[in-house]
Amino acid sequence: MSHARRRYGLVFLLLLGVEIVIALFVHDRFVRPYLGDVLVVWVVYAFARTLFPTGFPWLPAGVTLFAVLVEVGQAFGLVDRLGLGHIRFFRILLGSVFDWADVLCYLIGGGLILLAEGIVRAHKCR
């Protein structure tokens, strides 16, 4: 297993742990509804980078688009259409209420990934 794959795997597990703590224990008006949605894009991105450790230029946009599509799926009752609405885990994972603020948070998360990747690339070029 490559060093990059292990590093992204560790980041994935760490961020997933943070998301789980937020979901279970944080019931506020900022961290859970907004910061959690920004971070979820990072969780998915870190997971994708464990599969593709060298990355692809379109990967941050692809992960962000995936998050937005899941949110749009909420507007159409995706979890119920898949027959999973009665299972609490899937109702939490896929969500059930569309919110434009969530879409904005996903876009911010994706933008921060692009910024972070740009900083890392610039640092490596020195």
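# Legends to the close-up views

**View 1. Glu117 and Arg49 are both buried.** The model shown here and in the views below is predicted. The side chains of Glu117 and Arg49 form a salt bridge, with a distance of 3.1 Å from N to O. Because Glu117 belongs to helix H6 and Arg49 to helix H2, this pair ties together parts that are 68 residues apart in sequence. Glu117 has a relative accessibility of 12% and therefore counts as buried, the limit being under 20%. Side chains of opposite charge can pair when their charged atoms come close.

**View 2. Arg121 forms a salt bridge with Glu117.** The distance between the two side chains is 3.9 Å, N to O. Helix H6 holds both Arg121 and Glu117, which are 4 residues apart, or about one turn of the helix. How exposed is Arg121? With 48% relative accessibility, Arg121 counts as partly exposed, whereas Glu117 counts as buried at 12%. Salt bridges with shared partners join Arg49, Glu117 and Arg121 into one network.

**View 3. Arg91 and Asp80 meet in a salt bridge through their side chains.** The distance here is 2.8 Å, N to O. This pair links distant parts of the chain, with Arg91 in helix H5 and Asp80 in helix H4 (residues 78-81), 11 residues apart. Arg91 is partly exposed, at a relative accessible area of 29%. Asp80 also counts as partly exposed, with 45% relative accessibility. How many salt bridges does the structure hold? The total is 3 salt bridges.

**View 4. The largest pocket has a volume of about 1,300 Å³.** Its lining is made of 36 residues, and those closest to the centre of the pocket are Asp37, Val40, Ile92, Leu93 and Leu94. Which helices each supply at least two residues of this lining? They are H1, H2 (31-51), H3 (59-75), H5 (88-94) and H6 (100-125). The largest share comes from H2, with 9 residues. Sorted by class, the lining of the largest pocket has 23 nonpolar, 5 polar and 8 charged residues.

**View 5. The second largest pocket holds about 270 Å³ of space.** Of the 17 residues that line the second largest pocket, Arg49, Thr54, Gly55, Glu117 and Arg121 lie nearest its centre. Two or more lining residues come from each of H1, H2 and H6. H6 gives the largest share, 5 residues. The lining of the second largest pocket comprises 9 nonpolar, 3 polar and 5 charged residues. Arg49, Glu117 and Arg121, listed here among the residues nearest the centre, are also the members of the salt-bridge network in View 2.

**View 6. Six residues, Leu13, Leu16, Ile20, Val21, Leu24 and Phe25, make a nonpolar surface patch.** The area of the patch is about 590 Å². One of its residues is Leu24, which lies in helix H1 (residues 3-25). Is Leu24 buried or exposed? Leu24 is exposed, because its relative accessible area is 53% and exposed means over 50%.

**View 7. Leu15 and Leu24 are shown with the positions of Ile87 and Ala4 as reference points.** Leu15 is a residue of helix H1. At 15% relative accessibility, Leu15 counts as buried, while Leu24, in helix H1, counts as exposed at 53%. How far apart in space are Leu15 and Ile87? From C-alpha to C-alpha, Leu15 and Ile87 are 24 Å apart, with their positions 72 residues apart in sequence numbering. Leu24 and Ala4 are 20 residues apart in sequence, and their C-alpha atoms are 30 Å apart in space.

Technical notes: Residues are numbered from 1 along each chain as its sequence is written. This is a predicted model: local features need pLDDT of at least 70, side-chain atom pairs count only at pLDDT 80 or more; totals for chains, interfaces and linings use all residues. Side-chain values use heavy atoms; hydrogens and water are left out. Patches are made of residues with over 30% relative accessible area and no salt bridge: like charges are joined within 9 Å, nonpolar side chains (Val, Leu, Ile, Met, Phe, Trp, Tyr) within 5 Å. Accessible areas come from the Shrake-Rupley method with a 1.4 Å probe; for residues, only the protein chains shown count as cover. A salt bridge is a side-chain nitrogen of Lys or Arg within 4 Å of a carboxyl oxygen of Asp or Glu. Buried means under 20% relative accessible area, exposed over 50%, partly exposed in between (1.4 Å probe, protein chains only). On a 1 Å grid over the protein atoms alone, a cavity is a set of points where a 1.4 Å probe fits but cannot get out, and a pocket is an open set with protein on both sides within 12 Å along at least five of seven lines; lining residues have an atom within 4 Å of a point. Grid points are joined across faces, edges and corners, and a volume is the space filled by probe spheres set on the points. Ala, Val, Leu, Ile, Met, Phe, Trp, Tyr, Cys and Pro count as nonpolar, Asp, Glu, Lys and Arg as charged, and the others, Gly among them, as polar.
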